[in-house]
Each structure stands twice: as C-alpha cells, then as structure tokens.
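Trainee: Could you look closely at one part of this model for me, starting with the place where I should be careful about the coordinates? Then link it to the rest, please.

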Amino acid sequence: MADIQHDFEDFFNNALCGYLTVDTNGKILEANNRMALWIGCTAAELAGKRFSDLLSTGGKIYYETHLWPLLRMQGFFDEVALELACINNERLPVLANAYERRDRDGRPLFVRLTVFKATDRRLYEQNLRIEKTKAETKLTDEQTISALREQFIAVLGHDLRNPLSSIIAGASILSATAQAEPEKKIVSIMQNSARRMAGMIEDIMDFARGRLGGGMPVNRQPTETGPVLLHVVNELRSSFPDRIIHTEFNITEPVNCDVPRISQLLSNLLANALTHGSADAPVFVRAFHQDGFFELSVSNSGKPIPLAALEKIFHPFTREGSQPSQNGLGLGLYIASQIALAHQGELTVLSDEQETRFTFRMPPLT
Amino acid sequence: MSVLKRNNVVVCGNGSVPMLFAHGFGCDQHMWRLVIPAFEKDYKIILFDHVGAGNSDLKAYDPDKYGSLEGYADDILEIIRELGLQDVIFVGHSVAAMMGIMAARHAPDLFSKLILVGPSPSYINDGNYIGGFEKDQIEELLESLDSNHLGWSMAMAPVIMGNPGRKELGEELANSFCRTDPAIARQFARTTFLSDTRDIISSLQTPSLILQCADDVIAPRVVGEYLHAAMLASKIVFMKATGHCPNLSAPEETIEAIKAFL
C-alpha cells in the first residue's frame with residue numbers, strides 16, 4: 001500500500017482532474033487516465049489527436065480562434081469554460097487552464113493543460129442566468145403595467161373634473177335658491193364634499209403629471225413672496241379658527257419661484273401641521289432669504305413622528321397608519337417634495353420631542 | 001468619429017507599397033505581430049481592429065450593419081479611401097479573407113493582390129460542398145454562444161472584480177490581447193459562421209494567394225481546394241503549419257509563403 005501512496009504514475013493517472021501535454025502543433029502528446037475516462041476511451045487513444053477534437057463544436061471553434069492565439073500571445077489562459085465531447089455523445093462541462101512552456105529564447109516547447117469537471121458549477125451558472133432572465137422579464141412587465149396604471153390615474157382624474165364641476169355649479173344654484181334650514185344645510189355639506197373631492201382630484205393629477213412627464217413642470221418668476229405666503233396662512237387661519245399660527249418672515253428680495261406651486265407647498269405643509277400637531281400649541285411659519293438661498297419652514301409641537309414613518313414620509317399615498325382617513329389621499333407631502341425638487345431645492349423633515357419641522361430650502365436659480 | 005479612430009487604425013513601416021492586414025473572428029490586430037516585422041522595411045503596413053474587437057470604438061457597433069460581412073467589407077474600403085491608398089496588398093485571416101474578396105469586387109482598382117489565410121466561403125456542408133461543419137453543429141455553436149457558457153469567466157470577470165479597491169486584480173485577469181465584447185463576439189460569430197459567399201468568388205479578377213493549413217478544423221483542406229478551383233486568378237500553398245492561425249503558430253512559414261507570392 002505504501003508504494004501506491006508514493007507512486008507518481010498513479011497520482012498522475014488517477015488525479016481528480018484531467019492532465020494533458022500538447023505539442024506546438026496542437027496535438028496531444030500525453031493525457032492521463034482521468035481525461036480518457038471522461039472522454040470514454042484509453043489514454044493511448046487520445047495521443048495524436050488535437051485537443052480541440054475533444055471539444056464540442058462551440059468549444060472547438062472557441063479554442064482555435066481565441067484560446068490557441070491567446071496561448072501563443074500571452075502564454076496562458078485560466079478558468080475557461082469548455083465542454084468535452086464524450087464518445088457516448090454526452091457533453092461534459094469543464095474548466096480548462098493552460099500554459100505554454102517556452103525555451104530560453106522564448107520559442108514554444110509544449111503546452112500543459114489542466115481540466116476540471118464543472119457540471120455542478122455549470123448548472124449553477126445556468127440557474128443564475130435563468131433567474132436573471134426571469135427577473136428582467138418580470139421587471140419589464142411590471143414597468144409596463146405601472147406606466148399603464150399611472151396613465152389610467154391621469155385619465156380618470158381628468159375625466160372626473162367635468163361631471164364634478166357640474167355638481168359644484170348645481171349646488172351653487174341650489175344654495176342661492178334654498179329657503180328652508182334642512183335644505184340649506186344639505187347643500188352646504190354637498191358643496192364642502194365637492195370641494196374636497198376637487199382638491200383630491202387636483203392632487204391625483206399632480207401626482208400623475210409628475211410621474212408621467214418626468215417631474216412637475218414649474219414656471220418660475222421673481223416674486224415678492226411675503227404677501228403670497230401670508231395669503232396662504234390667512235386661508236388656513238379661516239379653516240382652523242381655533243388655532244394660532246405665528247409667522248416670522250424676513251424676505252428682503254424677490255424670490256424666483258412658481259407662485260401657485262409655492263403656495264400649494266406651504267398650504268400642504270401648514271394643513272399637515274394643523275391636522276397632526278398638538279391642538280393646544282401654536283404652529284410657526286418662518287421664511288427667510290440668506291446668501292441667495294430661500295428657506296421656508298413649518299413647525300408644530302406634539303408627538304414625534306415614528307422613525308419608520310419618517311423614512312417614507314415623502315412617498316406617495318403615505319398616510320398616518322394604513323387606515324383610510326378623512327385627511328385625503330396621502331399625496332400632500334409627496335406633492336410638496338416634488339414642488340421642492342422642481343425648484344432644484346429640497347424638502348426635509350426633523351421630528352423630536354420638542355417639535356416637528358418641515359423645511360424647504362432652495363438655492364438661487366443658476 | 002473618424003474611420004481611423006473607429007477601427008483603431010495603426011500605420012507603420014518604411015516602404016510605400018501598402019499592405020493592409022485584417023484580423024479574423026476571435027482576436028484583434030495583435031494576431032499579426034509575429035508576421036509584421038518581416039515586412040516593415042519594404043512596405044507601408046496598415047493594421048486595424050474590426051468594430052467590436054480590440055481597441056475599436058464599441059459605440060460604433062451597429063447590429064444591422066455588421067449582421068453581414070458586407071458591413072465589415074465597407075469599413076475596409078473606407079479605411080483604404082481615408083488613407084488614400086492605391087494598389088493595396090490585402091492580407092486577411094479567416095473570415096476577413098472573405099471581407100477582402102468582397103471589398104476587391106466592389107473596388108477592384110484599389111487592390112493589387114489578395115493573400116487569404118485560412119479562408120472559407122461557407123462553413124456548413126451543403127450537398128456536394130464540404131464546409132467542415134454540419135448545420136446542427138453550427139447551431140450548437142450559436143446556441144452555446146447565446147447561453148454564453150463559452151468564455152464565461154472572461155465575460156464575468158469585470159463584474160466580479162468590479163471592486164475599485166482591488167483594481168490591480170481585475171487588470172491581471174483581463175487579457176490584453178483578445179479583448180472582445182461578449183455580446184458583439186456572439187453576433188460576430190453568427191455573422192461569420194452563417195455566411196455563404198460561394199456565389200461571389202468566381203467573378204474575382206484580383207490575383208490571390210490561398211494559404212491552407214494542415215489539420216484546420218475551421219477551414220479544412222477541401223475548402224481551400226474548392227476556393228482555389230473557383231478562383232481563376234488564385235494560387236494555393238499547402239502549409240506544414242497546423243491549426244487555424246499559422247500567423248501565430250508558424251510565422252516563418254507564413255512570411256516565406258507571402259514573400260514568394262509577392
């Protein structure tokens with residue numbers, strides 16, 4: 001037994017990889033038994049063949065057009081995936097390594113090849129490829145569906161506006177002619193609901209426009225923003241008569257912005273603060289202009305926003321909890337952040353025990 | 001993008017008679033590096049990479065144009081015209097030999113001689129014609145290229161080694177000689193091995209030399225003999241060199257045969 005253990009010939013022939021020596025013409029000089037076993041013949045029968053004769057058609061052409069030239073030019077190749085063409089017509093996936101032995105003057109003497117079985121690895125690669133193709137197909141499908149969905153939202157929002165305006169117009173006529181108390185009350189409720197609905201439709205349209213058109217379109221003009229912001233604050237003061245809103249404005253020069261959009265941004269932030277902030281504490285609206293930067297912030301006190309909610313707060317359809325609420329679709333902060341983006345600015349949020357503050361910061365127009 | 005940059009054209013040599021070397025499927029202009037020194041003294045040498053190979057401009061690769069060998073032949077004519085060459089001695093290896101024949105048919109005045117190394121007008125057996133491969137063997141090749149299991153490690157190396165901190169490792173792995181974009185190599189293989197240019201070879205008037213290797217599985221001896229019989233102005237040399245790339249495996253014999261013809 002000790003003899004076999006140290007028998008080099010045994011080691012060579014029964015190693016778990018194929019060994020070959022190939023002459024400068026590409027003909028096999030010697031191959032081990034393992035190689036012959038894989039092919040399905042004897043080692044003596046392999047001698048004299050070209051190494052590429054042992055390969056599948058693809059491998060044969062790859063070897064003659066890529067690998068042999070590579071061996072002659074750089075002297076080696078490593079870990080090349082090939083397939084052995086076995087006598088029984090099976091294909092055995094392998095990895096081949098080779099180097100060219102040269103004499104002192106750089107002339108080629110012979111080539112040594114080591115060949116490893118790679119059946120499992122090839123299977124693994126094939127599975128990876130299949131999964132990759134599947135994932136790519138799925139992604140493309142989802143993208144198509146998603147685009148359709150957003151188009152659908154845009155069309156739906158657009159088409160709902162006409163019937164809704166006729167309801168609003170009708171309710172307005174009714175409110176002028178209604179005499180009795182119950183009718184007056186019902187008409188007023190109808191008008192409020194219709195207005196809320198119109199607001200939600202506008203939000204949906206903004207959402208769809210931003211998604212489909214690659215961002216929200218804005219028309220920026222130099223504007224005295226103080227009165228514009230104050231107008232928004234006063235609107236919300238009349239909607240929330242019990243609440244205190246403090247303003248601190250220090251705007252010394254015109255701000256280059258889209259007025260309706262900046263009003264919408266402030267209105268969304270302020271409504272948000274009034275709805276979610278603590279009812280017995282004031283809300284602060286601050287705006288100032290410094291070094292060309294325009295900054296607008298809205299802060300309220302109350303419970304801090306949980307971290308998990310904070311991470312997704314600017315995503316569309318994000319609402320407190322996942323319950324439908326009276327507060328709309330959950331697009332307010334998303335639209336505000338899109339308006340900020342469209343002004344090359346950003347909308348950020350900080351929330352702790354002291355306060356929750358949303359800040360819009362916009363660099364000067366370049 | 002100039003033609004010269006697109007095809008990574010390199011001009012060298014001290015002579016005035018132009019010799020244009022075109023590489024075949026699989027490598028780039030480095031294929032000629034053992035042959036070139038023998039001609040530098042007496043000729044003006046022009047080397048280039050086909051679009052998709054070597055240092056060519058990969059962005060210029062147009063699957064429609066290069067879906068047929070004519071697209072490559074057009075590039076060869078563009079290079080010749082751009083450099084204002086006359087009486088070109090064209091040396092083409094493998095599939096580039098057929099590109100040279102196409103170019104010489106379109107503009108016979110620009111070429112003086114063609115040297116065709118391991119040429120084949122069609123690789124697939126068809127009736128009495130022996131191309132060397134059965135149709136299903138070529139299909140197996142194209143399938144294996146589509147499933148990308150050949151050269152898998154070469155194609156994947158940049159992804160796996162795409163770690164900026166280990167850049168030197170990636171550089172060592174990537175070979176610097178036979179760089180081909182895997183997707184383009186796949187299409188080039190399709191263009192090459194499905195090509196059939198048997199109907200155009202008989203009308204070629206340019207004097208041509210066919211260098212036929214022994215034991216060439218890609219362009220076997222019967223193919224060389226077929227071409228020689230079909231091309232009236234051709235000579236054929238049966239080389240001792242084996243395989244498909246005598247320009248690398250037997251540069252001396254290749255140089256000798258070319259010089260004797262010139």
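Mentor: Start with residues 152–174 of chain B, where pLDDT (the predictor's confidence in each residue, from 0 to 100) stays under 50. For that stretch the model has 16 contacts beyond four places in sequence, a contact being two residues whose C-beta atoms, placed from the backbone, lie within 7 Å. Where pLDDT is low, the predicted coordinates should not be read in detail. Chain B as a whole averages a pLDDT of 85, and 86% of its residues score at least 70.

Some bookkeeping: this is a predicted model, so local features need pLDDT of at least 70 and side-chain atom pairs count only at pLDDT 80 or more, while totals for chains, interfaces and linings use all residues. Residues are numbered from 1 along each chain as its sequence is written, and chains are lettered from A and ligands numbered from 1 in the order in which they are written. The model's scores are ipTM 0.80 and pTM 0.66.

Now the rest of chain B. It has 10 helices and seven strands (DSSP runs numbered from the N terminus: helices are H or I with at least four residues, strands E with at least two). Of its 262 residues, 48% count as buried, that is, with 20 or more other C-beta atoms within 10 Å of their own; exposed would be 12 or fewer, partly exposed in between, with C-beta atoms placed from the backbone. Among chain B contacts with a separation of 6 or more, 75% come from residues 24 or more positions apart.

Next, the largest nonpolar core (buried Ala, Val, Leu, Ile, Met, Phe, Trp, Tyr and Cys residues joined through C-beta atoms within 7 Å). It holds 105 residues, and those touching the most other members are M19(B), L20(B), F21(B), F90(B), V91(B), M99(B) and I115(B). Helix α3 (residues 95–106) of chain B gives the most to this core, with nine residues. Take F21(B): leaving aside neighbours within four places in sequence, F21(B) is in contact with Q29(B), W32(B), I45(B), I46(B), L47(B) and V91(B). Another core lies apart from the largest one, with 32 residues, among them F207(A), M216(A), C257(A) and L269(A).

How do the chains meet? The contact takes 27 residues from chain A and 29 residues from chain B. On the chain A side, the elements giving two or more residues are α5 (57–74), β3 (76–85) and α6 (119–177) of chain A. α5(A) gives the most, with 15 residues. The chain A side divides into eight nonpolar, 11 polar and eight charged residues, where Ala, Val, Leu, Ile, Met, Phe, Trp, Tyr, Cys and Pro count as nonpolar, Asp, Glu, Lys and Arg as charged, and the others, Gly among them, as polar.

That brings us to the sheet that β3(A) belongs to. It's an open sheet of five strands, with antiparallel pairing and the order β2-β1-β5-β4-β3 in chain A; strands pair if DSSP finds at least two bridges between them. β2 (28–31) and β3 of chain A are at the edges with a single partner strand each, so one side of each is left without a neighbour in the sheet. Direction ignored, neighbouring strands are turned by 25° against each other on average; axes are lines fitted to C-alpha atoms, for helices over the stretch in contact, and angles run from 0 to 180 degrees between N-to-C directions. α5(A) packs on this sheet, touching β3, β4 and β5 of chain A, and its direction makes about 160° with that of β3(A).

Going along the pairs, β3(A) and strand β4 (residues 91–102) of chain A are antiparallel over eight bridges, with E83(A) opposite P93(A). Their hairpin has five residues between the strands, and there N89(A) takes a positive phi near 70°. β4(A) then joins strand β5 (residues 108–117) of chain A through nine antiparallel bridges, N97(A) being the bridge partner of T114(A). In that hairpin, again with five residues between the strands, G106(A) takes a positive phi near 85°. Strand β1 (residues 18–22) of chain A runs antiparallel to β5(A) over five bridges, and G18(A) stands opposite V115(A).

Chain A also has an open five-stranded sheet with mixed pairing, in the order β7-β9-β10-β12-β11.
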